[in-house]
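Work through the exercises below with the structure in view, and try each task before reading its solution.

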Amino acid sequence: MKEETPITMKDIAQALGVSVATVSRALKDSPRISEERRAAIKAYAESHNFFPNAMAASLRNNRMKPRKVIGVIVPQLNHYYFSSILSGIEEEASARGYRLMVAQSNENYLREVGICQSFYENKVAGVIVSQAKDTMQYEHFQKLLDLGMPLVFYDRICTGINANRVVVDDYMGAYTAVSHLIDTGCRNIAYYGSTMRLEISKNRFNGYRDALLKNGLTFDERLVRYCDNRTDAEMITPDVMALDTPPDAFFAVNDDTAIGILYTVKRMGYRVPEDISICGFTNGERATACEPMLTTVEQRGKIVGEEAANILIGQVEGLFPADKIEKRVVRTRLIVRGTTR
């Protein structure tokens, strides 16, 4: 259930029969308060979802008015796609008078949980998040919703939580890319993808497989590898090329992986695209910094970010009903360059 009115330190003090000063000191681990009383006050505060509002305290001390702030969780800040989404969020938020509080989960579940807690403690207006790769429990997200905080997932959505989401059409993006490889004469197409725990991975894999089957080609599990970075791609590609029937094309879950494949097969003496065709998924800056330039699926990350911010701010300001789940899909586009025929 949602809390209609958040409790204050005064409420805690009245409930436990102590002073507000005692509550404040206990929450700050002051040695002036006995360990037993500190534990009791903290337990009561936690059970009622109360946390000291660090941001509000800072603003009071500086005699500044509170500002509208959106919490954003990014799996990796150095990833082009996530940085482009962040740019879209910031642009839309800034235009509507909001600022961002950005944190990087670094693909770590426990770090992600801590960030959600910190965002709540700082009373952000809402949270926009792409979950970490190893996140398999979702109580921290559900808690935010139960507390009445608007939540929007982008890119990596949490299917176990009924929340707002903005994604690209991963299935159709993959289907179109693999169909292009087939149309240009490729018949033995390998797939490098992320863990199947992620919904985007499932959708891209299904697009790859369905494109093969609908074009009359055989799906071969030996050509499927769980690989989503350049380092691993460079390590495993020689083994894939050593198969009895090596691939004549690769479809990769992102551009970095595709570029790892590109440089590896070139070092092995293959010509791209004459011998091997390669297609990525992102259309980041690196796609045009390699030779030949990379054919890839454009994800349009800035638009994803703008849509996510639009949904969240709309719910914060009552433009969208709080009980209505917004689900938006951004279309992808195949960008054909030199790594395909």
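**Exercise 1.** What does the accessible surface of the chain come to, and what percentage of it belongs to carbon and sulfur atoms?

*Solution.* Keep in mind that this is a predicted model. The accessible surface of the chain comes to about 16,400 Å², and carbon and sulfur atoms account for 48% of that area. As a next step, turn from the surface to burial: of the 341 residues in the chain, 49% are buried.

**Exercise 2.** Describe the overall build of the chain, from its extent to its contacts.

*Solution.* Begin with the C-alpha trace, which spans about 80 × 40 × 35 Å along its principal axes. Then look at the secondary structure, where the chain has twelve helices and twelve strands. Finally, consider contacts between residues at least 6 apart in sequence, of which 72% join residues at least 24 apart.

**Exercise 3.** How many positive and how many negative side chains does the chain have, and how far apart do the centres of the two sets lie?

*Solution.* The chain carries 43 positive side chains and 42 negative ones, and the centres of these two sets are 6 Å apart.

**Exercise 4.** How many disulfides does the structure hold, and why is C186 not bonded to C279?

*Solution.* The structure holds zero disulfides. C116 is in none, and the nearest cysteine sulfur, that of C158, is 11 Å away. For C186, the closest cysteine sulfur belongs to C279, and because the two sulfurs are 10 Å apart, they are too far from each other for a bond. A disulfide requires sulfur atoms within 2.5 Å. As a last step, check burial, where under 20% relative accessible area is needed: C116 counts as buried at 3% relative accessibility, and C186 counts as buried at 0%.

Key: Residues are numbered from 1 along each chain as its sequence is written. This is a predicted model: local features need pLDDT of at least 70, side-chain atom pairs count only at pLDDT 80 or more; totals for chains, interfaces and linings use all residues. Side-chain values use heavy atoms; hydrogens and water are left out. Helices (H or I, at least four residues) and strands (E, at least two) are DSSP runs, numbered from the N terminus. Buried means under 20% relative accessible area, exposed over 50%, partly exposed in between (1.4 Å probe, protein chains only). Contact means heavy atoms within 4.5 Å. Accessible areas come from the Shrake-Rupley method with a 1.4 Å probe; for residues, only the protein chains shown count as cover. Lys and Arg count as positive and Asp and Glu as negative; His and the chain ends are not counted. The place of a charge is taken as NZ of Lys, CZ of Arg, CG of Asp or CD of Glu.
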